[in-house]
Amino acid sequence: MNTTAIRKQMSIHPEVMDLLNNQIAMEMKASASYLAMASWCDQRELLNSKAFFYKQAEEEREHAMKIFTFINDNGGGAVSPDVIDVNNDFESLRSVYETGLEQEIAVTESIFKIFKASRKESDYITEVFLQWFITEQSEEEDTFRSILDLFDLMEGMPLKMIDERLPKE
Ligand code: FEO
């Protein structure tokens, strides 16, 4: 049997695969960005926030890897991305979480874009694969919004007391 028969025929539409590769880059950038946020919190002994962002950094890497293996398992070519221009400067703890929410909203929009493209190209395998990500994004946005609501309630409290009331994960 020749190797082309052993290698699964590519079942992902080529344009959709490009979008998925861009998504890998976006998830890895999100992971690096959360690592920067974890470090900012770690340096200020904000223990709950630190744990939260280290966990987020890990989760984003897992998301990238899910897409990476999905592409290769379906006969495509996953690309290991460059991760550049990671911001490490934040004005406040609140702005760290606001940046996190903005990042999640951008990821959700990007996932929707790939979902629409996979529908348009009748790429059913990708469409089904992306359903998990849509649910995940909805949960992640909710998490950040709830945390930002807490900031409104705790306005004026010392930073450490705010951090002690925030979730670790
Ligand atoms: Fe994987 Fe929350 O973006």
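In which helix is Glu-59 found? Select Glu-59 in this predicted model and the viewer will place the residue in helix H3.

**First stop: Glu-59**

With Glu-59 still selected, inspect its surroundings. The residue counts as buried, because its relative accessibility is 18% and the limit for that class is under 20%. Setting aside residues up to four places away in sequence, Glu-59 touches Glu-136 and Glu-140. Next, add Ala-30 to the selection. Ala-30 and Glu-59 are 29 residues apart along the chain, and 9.6 Å separates their C-alpha atoms.

**Second stop: Asn-21**

Move to helix H2, which covers residues 14-43, and select Asn-21 within it. Is Asn-21 buried or exposed? Its relative accessible area is 11%, so Asn-21 is buried. Now display Ile-71, Gly-77, Ala-78 and Val-79: Asn-21 is in contact with these four residues, leaving aside its neighbours within four places in sequence.

**Third stop: the largest nonpolar core**

Select Trp-40, Phe-53, Leu-93, Tyr-97, Phe-144, Phe-151 and Leu-166 together. Of the 22 residues in the largest nonpolar core, these touch the most other members. Colouring by helix is helpful here, as H2, H3 (47-73), H4 (93-120) and H5 (124-153) are the elements that give two or more residues to this core. H2 supplies the largest share, six residues.

Tyr-97 merits a separate view. Not counting residues up to four places away in sequence, Tyr-97 touches Ser-49, Phe-52, Phe-53, Phe-144, Ile-147, Leu-148, Phe-151 and Leu-166. Another core, of 19 residues, lies apart from the largest one; to locate it, select Val-107, Ile-114, Phe-115 and Leu-130, which are among its members. In soluble globular proteins, nonpolar side chains tend to be buried together.

**Fourth stop: two loop residues**

Most residues other than glycine have a negative phi. The next two selections have positive values.

Where is the place of Asp-85? Select Asp-85 in the loop between H3 and H4. The phi of Asp-85 is near 55°, a positive value in a residue other than glycine. Asp-85 is classed as exposed because its relative accessible area is 66%.

Finally, go to the loop between H4 and H5 and select Ser-122. Its phi is likewise positive, near 55°, in a residue other than glycine. Ser-122 has a relative accessibility of 41% and therefore counts as partly exposed.

Terms used
Residues numbered from 1 in each chain as written. Predicted model: local features only at pLDDT ≥ 70, side-chain atom pairs only at ≥ 80, totals over all residues. Heavy atoms only, no water. Helix = DSSP H or I, 4+ residues; strand = E, 2+ residues; numbered from the N terminus. Buried < 20%, exposed > 50% of the residue type's maximum accessible area, 1.4 Å probe, protein only. Contact = heavy atoms within 4.5 Å. Core = buried A, V, L, I, M, F, W, Y, C linked by side-chain atoms within 4.5 Å.
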